[in-house]
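The exercises below practise reading a structure step by step, from single residues to the whole chain. Please look at the structure first, and then work through each task before turning to its solution.

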Amino acid sequence: MLASRLSSIMPRMSEQEALETAAVYSISDHGFTAHRWRERNFRAPHHSASSVALVGGGSFPRPGEISLAHNGILFLDELPEFGSQSIGGAARAA
């Protein structure tokens, strides 16, 4: 719970950062929401998430958790529980 509050104490995004983040969210399944403008994202995927869910892609390409956390926080709780394929794919993408 403490980690999820980190984004609230970080400085608000600049106009450029907010535009970048809105562009990523506008092409995702989550969509862009104007009420979150300039607020930092907090993403905490489950340790069973696939490498495609973390990195993005698929048969109909969508951004993954790494892209959705752009300009925000990507929190990987219980990091050793993530599969080696998922972490290896995420490390190559970053």
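**Exercise 1.** Find which backbone oxygen lies 3.2 Å from a polar atom of the side chain of N41, and describe the surroundings of N41.

*Solution.* The backbone oxygen is that of L68, and it lies 3.2 Å from a polar side-chain atom of N41. Before going further, note that this is a predicted model, in which local features need pLDDT of at least 70 and side-chain atom pairs count only at pLDDT 80 or more, while totals for chains, interfaces and linings use all residues. Residues are numbered from 1 along each chain as its sequence is written, and side-chain values use heavy atoms, with hydrogens and water left out.

Next, place the residue: N41 sits in the loop between α2 and β1, where helices (H or I, at least four residues) and strands (E, at least two) are DSSP runs numbered from the N terminus. N41 is buried because its relative accessible area is 7%, and buried means under 20%, exposed over 50% and partly exposed in between, with a 1.4 Å probe and protein chains only.

Finally, list the contacts (heavy atoms within 4.5 Å). Leaving aside neighbours within four places in sequence, N41 is in contact with S7, T21, Y25, R36, L68, H70, G72 and I73.

**Exercise 2.** Determine how much space lies in the largest pocket, and which residues are the closest to its centre.

*Solution.* The largest pocket holds about 220 Å³ of space. Of the 16 residues that line this pocket, Y25, G31, T33, R36 and N41 are the closest to its centre. On a 1 Å grid over the protein atoms alone, a pocket is an open set of points where a 1.4 Å probe fits, with protein on both sides within 12 Å along at least five of seven lines, and lining residues have an atom within 4 Å of a point.

Two elements, α2 (15–26) and β1 (42–43), give two or more residues to the lining of the largest pocket, and α2 gives the most, with four residues.

**Exercise 3.** Decide whether R43 is buried or exposed, and name the side chains with which the side chain of R43 makes polar contacts.

*Solution.* Begin with the position, which is in strand β1. R43 counts as buried because its relative accessibility is 15%.

Then turn to the polar contacts. One of 3.4 Å joins the side chains of R43 and Y25, and another, of 2.8 Å, joins the side chains of R43 and E65. Not counting residues up to four places away in sequence, R43 touches Y25, H30, E65, L68, A69, I73, L74 and F75.

**Exercise 4.** Compare the settings of R38 and N71, each of which has a positive phi without being a glycine.

*Solution.* Phi of R38 is near 65°, and phi of N71 is about 65°. R38 is placed in the loop between α2 and β1, whereas N71 is placed in the loop between α4 (65–68) and β4 (73–74). R38 counts as partly exposed, at 28% relative accessibility, while N71 is buried, with a relative accessible area of 18%.

**Exercise 5.** Work out how many helices and strands there are in the protein chain, and in what pattern they follow one another.

*Solution.* The protein chain has five helices and four strands. Read along the sequence, they give the pattern α-α-β-α-β-β-α-β-α. As a last step, consider burial across the chain: of its 94 residues, 29% count as buried.

Key:
Grid points are joined across faces, edges and corners, and a volume is the space filled by probe spheres set on the points. A polar contact is a pair of N or O atoms within 3.5 Å; within protein, one must be able to donate a hydrogen and the other to accept it, and residues adjacent in sequence count only if both atoms are side-chain atoms.
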